[in-house]
Amino acid sequence: MLVVLLVLIVIFFAVNMGGSGIAPSFAAVHGAKLISYLNSVLLFSGFVILGALALGGRVSKTLSSGLIDHKLFTFEVALIVLGSAAISLFIANMLKVPQSTSWVTVFPLFGAAIYFKDLNFVTAFHMVGMWLVLPITAFFLTYYFFGRIYPPRPSNFWFYEKTHIWKKRIHILALVSSCYVAFAIGANNVANAVGPLVGANLIQTFWGLILVAPLFGVGGLLIGDKTMHTLGKEIVPLGLVTSTIVSFVTATLLLVASFMGFPQSLVQLNTLAIFAIGTIKHEHVMSSGGKSGPKTLIVWLVAPIVSGIISFLLLSVFKV
């Protein structure tokens with residue numbers, strides 16, 4: 001019965017991660033009607049699988065043994081960690097807020113490590129440092145690159161003259177950048193579901209990645225439209241050029257984290273980059289009466305902490 005429950009939790013978690021991850025990948029090109037929603041899901045699924053097989057093992061290793069002693073990682077611990085993460089992510093998706101799948105996975109691991117009094121502080125310190133540095137880097141890189149082409153001025157007016165001529169190229173580049181983001185998601189975020197399973201010796205890394213990655217596409221199909229709307233429309237409407245800049249910056253930083261073996265939030269990278277666009281345009285990045293932005297920030301902070309508390313409490317109650 002517990003095995004069946006764990007399988008259901010992994011499926012539930014991966015589906016919700018896919019629902020959260022498809023928004024920063026394909027919201028702009030789908031909103032521009034360059035690609036149908038179904039084709040967005042298909043491309044998203046394919047590139048997530050490729051990314052998971054290429055680099056997912058590095059992050060999986062960190063999550064399976066980098067934060068907590070491998071000997072303490074039992075079946076029950078994996079069940080509680082993934083269950084806590086899945087609940088937190090589901091709540092965020094129901095609130096239509098793209099949430100960090102990495103944060104809601106790592107905080108339950110923090111909760112478990114605190115319960116067992118066995119947290120690897122060095123790894124945790126480096127991980128949290130990356131969580132702070134990379135989103136800030138995304139903001140400033142996006143600010144720099146977008147600032148070269150906006151606002152229009154004599155030094156960049158050539159770009160606006162070429163925009164119409166380059167229309168087809170821009171469309172292709174936007175699609176490529178969307179696939180690039182999906183690949184980066186596969187390289188980093190699939191391990192959030194696989195790492196705890198590997199840590200508990202329930203599955204080998206390769207098979208975990210190959211089985212879990214396709215579930216991201218299922219999530220994109222079933223619930224991705226909600227987070228697409230929030231990220232692509234309510235916070236700041238993006239054009240194809242700006243969305244391409246955001247995609248290449250954030251996906252590249254996410255791949256850097258994957259190479260280093262650290263789980264990293266694409267959602268935070270993406271949204272800080274979008275805020276940089278809004279800053280340059282002198283826009284109020286909180287639209288809909290100023291509600292979407294504050295709600296996003298609150299859910300970002302509260303949901304991971306809740307998942308960590310749930311993990312700690314369940315371990316305490318069941319005396320794992």
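Where is the place of K117? Look for the loop between α4 and α5, and you'll find K117 there. Before we go further, keep in mind that what you're looking at is a predicted model.

K117 is a good starting point. Its phi is positive, about 55 degrees, although K117 is not a glycine. K117 counts as exposed because its relative accessibility is 76%, and the cut-off for exposed is over 50%. Now jump along the chain to N201, in the loop between α8 and α9 (205–235). N201 isn't a glycine, yet it has a positive phi of about 60 degrees. With a relative accessible area of 61%, N201 is exposed.

While we're visiting loops, stop at the one between α5 (121–147) and α6 (157–163), where P151 lies. What is the peptide bond from Y150 to P151, cis or trans? That bond is cis, with omega near 0 degrees.

Now let's head inside. In the largest nonpolar core there are 88 residues, and the ones that touch the most other members are F13, V190 and F216. Helix α1 (residues 2–31) is the top contributor to this core, giving 11 residues. Here's a handy piece of background: in soluble globular proteins, nonpolar side chains tend to be buried together.

Take F13 and see what surrounds it. Setting aside neighbours within four places in sequence, F13 is in contact with L82, A85, A86, L89, T101, V104, T105, N192 and A193. Two names there, T101 and N192, deserve a visit of their own.

T101 belongs to helix α4 (residues 101–116). Why does T101 count as buried? Its relative accessible area is 5%, and buried means under 20%, so T101 qualifies. N192 sits in helix α8 (residues 191–199), and N192 is buried too, with a relative accessible area of 0%. What joins the side chains of these two residues, T101 and N192? A polar contact of 3.0 Å does the job.

Their other contacts help fill in the picture. If you don't count residues up to four places away in sequence, T101 touches F13, M17, L89, N189 and N192. With neighbours within four places left aside, N192 is in contact with several residues, among them F13, M17, T101 and T105. The list for N192 also includes L63, L82, S102 and P263.

Back out to the surface, then. F12, I87, F90, I91, M94 and L95 form a nonpolar patch there, and together they have about 490 Å² of accessible area. Which helix gives the most to this patch? Helix α3 (residues 75–94) does, with four residues. L95, another patch member, is in the loop between α3 and α4. At 37% relative accessible area, L95 falls between the 20% and 50% cut-offs, so L95 is partly exposed.

Let's finish on helix α3, which is also where you'll find E76. E76 counts as partly exposed, at 36% relative accessibility. Try locating E76 and L2 in the structure: in sequence they are 74 residues apart, but in space they are 8.6 Å apart, going from C-alpha to C-alpha.

Technical notes:
Residues numbered from 1 in each chain as written. Predicted model: local features only at pLDDT ≥ 70, side-chain atom pairs only at ≥ 80, totals over all residues. Heavy atoms only, no water. Helix = DSSP H or I, 4+ residues; strand = E, 2+ residues; numbered from the N terminus. Buried < 20%, exposed > 50% of the residue type's maximum accessible area, 1.4 Å probe, protein only. Polar contact = N/O pair within 3.5 Å; in protein donor to acceptor, adjacent residues only side chain to side chain. Contact = heavy atoms within 4.5 Å. Patch = residues over 30% accessible without salt bridge, like charges linked within 9 Å, V, L, I, M, F, W, Y side chains within 5 Å. Areas by Shrake-Rupley, 256 points an atom, 1.4 Å probe, with all protein chains shown as cover. Salt bridge = Lys/Arg side-chain N within 4 Å of Asp/Glu carboxyl O. Core = buried A, V, L, I, M, F, W, Y, C linked by side-chain atoms within 4.5 Å.
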